[in-house]
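I opened this structure with no background and kept notes on what I looked up. Here they are, in the order I went through it.

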Amino acid sequence: STQSTFFFFFFFFLPMLFINATVLLLVFFSVAKAYKNNTGKAPKGLQSFIEPIVVFVRDEIVKPNIGHHYEKYLPYILTLFFFILFGNLLGLLPGAANLTGNIAVTFTLAILTFLITNFSGNASYWKHIFWTPGVPLPCTLR
């Protein structure tokens with residue numbers, strides 16, 4: 001059982017992780033290059049496919065849920081979004097491993113999000129965590 005887990009990790013999961021990272025880098029470096037070369041022009045090619053997705057995530061997911069300081073977290077949220085999207089799409093290929101089906105990937109993404117959330121929290125955030133509005137005083141953490 002331990003040998004099969006080791007075999008699965010090194011021969012299916014780890015290569016898929018590197019393939020996902022490579023595809024992400026290739027796609028976004030080509031989109032960034034097209035953006036730089038076509039400044040002020042309408043997007044074309046792969047850029048015209050990726051740009052509406054980025055705008056949708058920014059305007060419909062990040063802005064309404066984070067608020068007026070959304071620019072600080074937008075790169076991280078977009079990275080998570082596209083990492084999960086490409087990982088799930090690559091996992092649909094025959095013989096490929098599903099990245100987000102592995103608890104190690106899910107745990108790592110959750111820990112990174114937890115750390116970013118807690119280390120970027122200000123006094124208002126921590127006050128809201130320990131003294132939540134609407135909760136009776138005996139129930140709050142002291």
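**A buried residue to begin with**

I started at Asn-118, which is buried at a relative accessible area of 17%. My cut-offs: buried is under 20% relative accessible area, exposed is over 50%, and partly exposed is in between, with a 1.4 Å probe and protein chains only.

Before going on, I noted that this is a predicted model, where local features need pLDDT of at least 70, side-chain atom pairs count only at pLDDT 80 or more, and totals for chains, interfaces and linings use all residues. Residues are numbered from 1 along each chain as its sequence is written, and side-chain values use heavy atoms, with hydrogens and water left out.

Back to Asn-118, which sits in helix H4. Helices here are DSSP runs (H or I, at least four residues), numbered from the N terminus. What does Asn-118 touch, not counting residues up to four places away in sequence? I found Tyr-125 and Trp-126. Contact means heavy atoms within 4.5 Å.

**The surface of H4**

I stayed on H4, which covers residues 103-119, and looked at Phe-114 there. Is Phe-114 buried or exposed? Phe-114 is exposed, because its relative accessible area is 52%. Phe-114 also belongs to a nonpolar surface patch of about 570 Å², together with Phe-107, Ile-111, Leu-115 and Phe-119. For such a patch, residues need over 30% relative accessible area and no salt bridge, and nonpolar side chains (Val, Leu, Ile, Met, Phe, Trp, Tyr) are joined within 5 Å, while like charges are joined within 9 Å. The areas come from the Shrake-Rupley method with a 1.4 Å probe, and for residues only the protein chains shown count as cover.

**The core**

Next I went inside. The largest nonpolar core has 21 residues, and Phe-82 and Phe-83 have the most contacts inside it. Four helices each supply at least two of its residues: H1 (2-37), H2 (46-66), H3 (74-91) and H4. Which of them gives the most? H3 does, with eight residues. A core here is a set of buried Ala, Val, Leu, Ile, Met, Phe, Trp, Tyr and Cys residues joined through side-chain atoms within 4.5 Å. A general note to self: in soluble globular proteins, nonpolar side chains tend to be buried together.

I then followed Phe-82. Leaving aside neighbours within four places in sequence, Phe-82 is in contact with Leu-24, Phe-28, Ile-50, Ile-53 and Val-54.

**Along H3**

I listed the buried residues of H3: Leu-74, Tyr-76, Leu-78, Leu-80, Phe-82, Phe-83, Phe-86, Gly-87, Leu-90 and Gly-91. Leu-89 lies in H3 too, but Leu-89 is partly exposed, with a relative accessible area of 47%. The C-alpha atoms of Leu-89 and Thr-117 are 28 Å apart, and 28 residues separate the two along the chain.

I also checked the length of H3. Its 18 residues should span 26 Å at 1.5 Å a residue, and the end C-alpha atoms are 25 Å apart, which agrees. The expected span is 1.5 Å times one less than the number of residues.

**The start of H2**

Leu-46 lies in H2 and is partly exposed at 39% relative accessibility. Leu-46 touches Val-27, Ser-30 and Val-31, again without residues up to four places away in sequence.

Gln-47 is in H2 as well, and counts as buried because its relative accessibility is 6%. With the same sequence neighbours left out, Gln-47 touches Val-31, Ala-34, Tyr-35, Asn-38 and Pro-52.

Ser-48, another H2 residue, is partly exposed at 35%. Ser-48 and Val-31 are 17 residues apart in sequence and 8.9 Å apart in space, C-alpha to C-alpha.

**Salt bridges**

Last, I looked at charges. How many salt bridges are there? The count is two, taking a salt bridge as a side-chain nitrogen of Lys or Arg within 4 Å of a carboxyl oxygen of Asp or Glu. Arg-58 pairs with Asp-59, with the closest N and O atoms 2.8 Å apart. Lys-63 also pairs with Asp-59, this time at 3.6 Å. Lys-63 and Asp-59 both lie in H2, four residues apart, about one turn of the helix. Arg-58, Asp-59 and Lys-63 are thus linked in a network of salt bridges.
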